[in-house]
Amino acid sequence: MVVIILNSSNTTYWIPAYSLNDTVYHSYLFYIFAFVQISIYIFTGYLTVRTCFIFFRIKVFHENMNILMAWFLCQWFEAILAKCVVTPYQIGLISIVMDPEKVYYDWWAEDKEDLVPIRENAKILPLLVSSYFIWHYLYSILFSVLAIGLERVAATYYIQDYENVRRRHIPVLLIIATNCISIPYAFETLNNQVSLILTCIQSFMNGAIIFFGYLVLWRVNIVWRDRISSLKWSHNEKYSLARKFQIEENIKSLRLARKLVISAVIFISVVIVLLICLGFELTHGYDTFFVYALDNAIFL
């Protein structure tokens with residue numbers, strides 16, 4: 001939702017929320033939804049911590065990949081804490097709009113008359129700070145799969161000794177690089193300098209790079225595995241158990257990546273369908289339910 005502060009500069013901000021000033025807490029259904037939502041968040045938090053524990057306890061993959069997976073998974077807590085700050089503004093518990101009786105539903109707008117007017121003296125700083133962290137989380141997740149894919153590229157490049165030599169700088173540099181992209185990107189998005197179309201194009205481009213990159217990695221590792229099985233190595237290639245193990249780990253991680261891609265496609269499809277239903281006003285009085293579903297689709 002794009003809001004505009006009515007002052008001399010008419011500053012606009014893109015808030016990552018579909019509803020604003022929706023006084024749903026007056027309805028008993030809100031408390032049912034809130035209980036279910038909090039229960040799901042608690043379970044998701046437990047599942048996230050448990051998954052990270054399993055990564056490091058039984059070493060499912062290489063230590064560098066485990067570090068990346070744990071880092072990006074734990075960023076969910078960044079988003080959920082920010083969501084807790086945004087929620088009072090969404091449900092109207094904290095009103096900052098010019099008309100406190102009006103409910104606003106929208107995701108992004110370009111025309112000035114479609115922007116949500118905010119009082120100049122409204123306490124909007126907590127909303128802006130939390131919105132920034134939500135955008136940072138969303139962009140971090142967008143580029144996280146690419147970062148994990150680059151770690152697999154490094155594993156393939158150093159396949160001869162990747163398992164035995166600790167190259168801790170690889171996940172550190174990938175995490176730094178991801179934040180170098182997501183931090184300014186989130187800032188520009190919050191300040192409404194990035195359009196919805198550009199965001200969608202970036203998402204599709206990122207997905208295409210990841211898809212074709214994984215296809216290439218899959219083919220390379222499958223060819224190497226077949227050559228190991230048939231012992232068809234050239235005279236300048238060196239066979240080792242470490243190399244064989246790393247190839248198998250790459251293939252195992254790429255199988256996991258295939259499941260991640262399927263999950264991502266389902267996630268994006270659900271979000272797009274919900275946005276279409278809300279954007280074209282197909283909800284017919286069930287706006288609160290669809291907003292609730294959209295929030296959970298984004299954060300879970």
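Helix α2 bends by about 30° at C84, and within four residues of that point a proline, P88, follows. The structure is a predicted model, and this report starts from that bent helix before turning to the chain as a whole, its sheet and its core.

**Helices α2 and α3**

The 28 residues of α2 should span 40 Å at 1.5 Å a residue, and since the end C-alpha atoms are 41 Å apart, the expected and the computed values agree. After α2 comes G92, a residue with a positive phi, near 85°. Another positive phi, of about 60°, belongs to N192, although N192 is not a glycine; N192 is placed in the loop between α4 (169-190) and α5 (196-230).

Helix α3, which covers residues 125-157, also has a bend, in this case of about 35° at F143. What span should the 33 residues of helix α3 have at 1.5 Å a residue? The expected value is 48 Å, and the end C-alpha atoms of α3 are 46 Å apart, which agrees. The two helices are set out side by side in the table.

| Helix | Residues in helix | Expected span | End C-alpha atoms apart |
|---|---|---|---|
| α2 | 28 residues | 40 Å | 41 Å |
| α3 | 33 residues | 48 Å | 46 Å |

**The chain as a whole**

The protein chain has seven helices and five strands, and along the sequence these elements follow the pattern β-β-β-α-α-β-β-α-α-α-α-α. The C-alpha trace spans about 75 × 40 × 35 Å along its principal axes, and of the 300 residues in the protein chain, 43% are buried.

An unreviewed UniProt entry lists residues 28-56, 68-91, 132-150, 170-187, 193-217 and 260-282 under "transmembrane region". Two of these annotated spans can be compared with the model. Residues 28-56 are 100% helix and 0% strand, with end C-alpha atoms 43 Å apart, while residues 132-150 are likewise 100% helix and 0% strand, with end C-alpha atoms 26 Å apart.

**The three-stranded sheet**

Three strands form an open sheet in the order β2-β1-β5, with mixed pairing. Because β2 and β5 stand at the edges and each has a single partner strand, one side of each is left without a neighbour in the sheet. From one strand to the next, the twist averages 30°.

How do β1 and its neighbours run, parallel or antiparallel? Strand β1 (residues 2-5) and strand β2 (residues 12-14) run antiparallel and are joined by three bridges, whereas β1 and strand β5 (residues 116-118) run parallel, again joined by three bridges. V3 has a bridge partner in each neighbouring strand: Y13 in β2 and V116 in β5. Further along β1, I5 stands opposite I118 in β5.

In a regular strand the side chains alternate between the two faces of the sheet. In β1 both faces are covered, for V2 and I4 on one side and V3 and I5 on the other are all buried.

**The nonpolar core**

Which residues touch the most other members of the largest nonpolar core? Within this core of 50 residues, they are V3, I15, L20, V116, I118 and I124. At least two residues of the core come from each of β1, β2, α2 (63-90), β5, α3, α4, α6 (241-279) and α7 (287-299). Helix α3 gives the most to this core, with eight residues.

V116 lies in strand β5. Buried residues are those under 20% relative accessible area, so V116, with a relative accessible area of 3%, counts as buried. V116 and L20 are separated by 96 residues in sequence, yet their C-alpha atoms are 8.9 Å apart in space.

Is I272, a residue of helix α6, buried or partly exposed? I272 counts as partly exposed, because its relative accessibility is 38%, a value in between the limits of 20% and 50%. I272 and R119 are 153 residues apart in sequence, and from C-alpha to C-alpha they are 31 Å apart in space.

Key:
Residues are numbered from 1 along each chain as its sequence is written. This is a predicted model: local features need pLDDT of at least 70, side-chain atom pairs count only at pLDDT 80 or more; totals for chains, interfaces and linings use all residues. Side-chain values use heavy atoms; hydrogens and water are left out. UniProt positions are given in the numbering used here, feature names are shortened, and annotations may be inferred rather than shown by experiment. The expected span of a helix is 1.5 Å times one less than its number of residues. The bend at a residue is the angle between axes fitted to the seven residues ending there and the seven starting there. Buried means under 20% relative accessible area, exposed over 50%, partly exposed in between (1.4 Å probe, protein chains only). Two strands pair if DSSP finds at least two bridges between them. Axes are lines fitted to C-alpha atoms, for helices over the stretch in contact, and angles run from 0 to 180 degrees between N-to-C directions. A nonpolar core is a set of buried Ala, Val, Leu, Ile, Met, Phe, Trp, Tyr and Cys residues joined through side-chain atoms within 4.5 Å.
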